[in-house]
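Visitor: I'd like a close look at a single part of this model, and then at whatever surrounds it. Please pick a spot and walk me through it.

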Amino acid sequence: MEDWSDCFDRDELRIRLDVTLEENAELREELARLRADNARLRSLVGPGVRTDAPSLPPVPASVPAAPAAGVGGLPYADASSSAEARIALFTALSAGREDVYARRWVSPKSGRTGWSPAEDSPFDKNKAEADRAFWPLTDETVHRRLDPTRQGRSELHIGLYPLLADDTCRLLAVDFDGKDGSDWRGDVVAYITACREAGVPALVEVSRSEKGAHVWTFFTAPVAAATARALGMALLRRAIDSRGQMALSSYDRLFPAQDFLPISAKGSFRFGSLIALPLHGVSRAKGTTVFVDPGTWQPYPDQFARLSHTERLSPVDVEALVDKFGPVKAGPSPTAPELGPRPRRKSPGKAPAHVAARLAAMLAISTTGLPPQLLAALKHAASFHNPEFYRKQNQRFSTFNTPRLVCCFDASDPDRLRVPRGLADEATQLVSAAGGTLDITKDLPEPAPITARFAGELTATQQTAVEAMTKNSTGTLVAPPGSGKTVMACALIARHRTPTAVIVNRAELSTQWKERLAAFLDLGTGHVGSLGGGKDRRGHVVDLIMLQTLSHRDAPMACSTGTGWSSWTSATPSAHPVPRPRSAERRRHAGSGCPPPPTARTRWTR
């Protein structure tokens, strides 16, 4: 029998009543006709023929049919099920915090939209955090979201907080956003393929904007959020291997978005990130917030019946998959021992015999013919884990708008991938492991040599280090405090005889460098210049440049004109190493750095 329990429209009820009355009248007419035919047949047969039916065995008492069950202990529901059955199925899968939920709001004046926790007196800005009374997520609230008859101001958009109070979660979702013009459908297919190959069940939901999708994976019991997110990152890493143009920013679109629940955050940040729930009543009629077949991108005919047959992962399965995949590796690494000289399974694909590259401010590698696995490996080599993200996460601060990975590559050119030129050796090894050869053409300036003579005397250890550094065009010198890194840098300047830019991040370091250069380096008629503090006193021989000046938006584009060798340095153990700014990506002949020793306390690990 059709369920009318969720129908509250009077016009709809009137239409259904009229249809039912018409069907009832037609059935009465059919019954009268059958009775007349029966009487006519009796008269033709005659009285001597037995027309009554033989006695039949007694009919047993009717036993109600057992309700259908979903997969893996899920309650079953379909489009014809009662509202209670559908709500039970929906809440069994879309499980998150039940003590609070978020509501979507639209400003009537500006049209601006956003999400806020549902609470009493939400516009009271003078209310203390301890006095805020949040609304729990009830079955009635879920029914209001699923109800398609609630339109306009009465419709309800619910945001779920998937991170539970004990840092666990019952689901994992990945958000693929196509608002930036990216091919989000291709990214979704790549991720779904990675899930199927790993045996991870996943459902695709088209978002409300129709410009993206959510891919959902559900668990039978709570799983540590850190473990669930590690599974999502491993699957994304595999998807990126199969789809080279997939952005690494996908790592920051996992829900839950944190491993641990923030405890020092205020307002909505205290609950972690939220995600909009699927199957919004009004949006379903428009073909959005519905689950679709990723092969055809057509919605499933019966959304709730499809949910009833959704497979889930157990916590044991999740942990086993995470142990199998391992952590996502990023940053330079010794690739040759891991990958070997010949392509094999799990290698970065099969590269062309010769791959062209141009070495300038960055290493521009031609992407023609490169397999997606190799492109992904090059991008990850040019990225590293953001220590600021992990610092905030470990201190249970909000990680909103803090990327997990710091990407140092430029993929805006579809024909070339630009990576830091210090990765030339690593890129060569990766291409070699894929069966190709990286042919690097140097496009570096050749400035006129400078007059520079080292006026000091090196110890045996310093002499060995300087000779080793001289053989390479790029490198990093790591030495303990008091070993004379600044003195060794002066010796390197004298050996290269190339215009030099020494980049520091503190005025004290600039003063220290100026003293060392005056004591250990004879520049002849040249002098030590400087750029910083709003003053440009460069001599284009040996210049001291403040990092803050390079990173400023008004920095001169030719601030390193005439220099061909630059040094990133921090000569004191307590100082932070100076990372290379984006505005300093200009042509240089060679580069060396003198960071503090690894034991120095620093927020940046690379």
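**A loop residue and its surroundings**

Guide: Let's start at glutamine 245, which sits in the loop between H5 and E7. The labels come from DSSP runs numbered from the N terminus: helices are H or I runs of at least four residues, and strands are E runs of at least two. Bear in mind that this is a predicted model, in which local features need pLDDT of at least 70 and side-chain atom pairs count only at pLDDT 80 or more, while totals for chains, interfaces and linings use all residues. Residues are numbered from 1 along each chain as its sequence is written, and side-chain values use heavy atoms, leaving out hydrogens and water.

Glutamine 245 has a relative accessible area of 59% and therefore counts as exposed. The classes are buried under 20% relative accessible area, exposed over 50% and partly exposed in between, using a 1.4 Å probe and protein chains only. The C-alpha atom of glutamine 245 is 9.2 Å from that of serine 182, although 63 residues separate the two along the chain.

On one side of this loop is H5, residues 225-242, whose axis comes within 8 Å of the axis of H4 and crosses it at roughly 115°. These axes are lines fitted to C-alpha atoms, for helices over the stretch in contact, and the angles run from 0 to 180 degrees between N-to-C directions. The crossing of H4 and H5 is right-handed, with the near helix turned clockwise from the far one by less than a right angle (anticlockwise would be left-handed). H4 brings Ala190, Tyr191, Ala194, Cys195 and Ala198 to the contact, and H5 brings Gly232, Leu235, Leu236, Arg238, Ala239 and Ser242; contact here means heavy atoms within 4.5 Å. By type, these residues of H4 and H5 are eight nonpolar, two polar and one charged. In that scheme Ala, Val, Leu, Ile, Met, Phe, Trp, Tyr, Cys and Pro are nonpolar, Asp, Glu, Lys and Arg are charged, and the others, Gly among them, are polar. H4, residues 184-198, also lies across E4, E5 and E6, at about 140° to E4.

On the other side of the loop is E7, which belongs to an open sheet of six strands ordered E7-E4-E6-E5-E9-E10, with antiparallel pairing. E7 (254-255) and E10 (298-299) are its edge strands, each pairing on one side only. Strands count as paired if DSSP finds at least two bridges between them. Antiparallel E5 (203-206) and E9 (291-293) are joined by two bridges, and glutamate 205 faces phenylalanine 291 in E9.

Two backbone details in this region deserve a look. Most residues other than glycine have a negative phi, and most peptide bonds are trans. The bond from phenylalanine 255 to proline 256 is cis, with omega near 5°; proline 256 lies in the loop between E7 and E8. Aspartate 167, a residue other than glycine, has a positive phi near 65°, and its place is the loop between E3 and E4. Its relative accessibility is 14%, so aspartate 167 is classed as buried.

Further along the chain there is another sheet to set beside this one. It is open, with four strands in the order E15-E12-E11-E16 and mixed pairing. E15 (416-420) and E16 (437-442) have a single partner strand each, so one side of each has no neighbour in the sheet. On average, neighbouring strands of this sheet are turned by 25° against each other, direction ignored. E12 (362-366) pairs with E15 in the antiparallel sense over five bridges, and proline 420 in E15 is the bridge partner of methionine 362. H12 packs on this sheet, touching E11, E12, E15 and E16, and its direction makes about 150° with that of E16.

H12 (424-433) also meets H10 (372-381): their axes come within 10 Å and cross at roughly 160°. Leu374, Ala377, Leu378 and Ala381 of H10 meet Glu426, Ala427, Leu430 and Val431 of H12. This contact of H10 with H12 has seven nonpolar residues, no polar ones and one charged.

Stepping back, the chain has 16 helices and 25 strands, and 44% of its 606 residues are buried.
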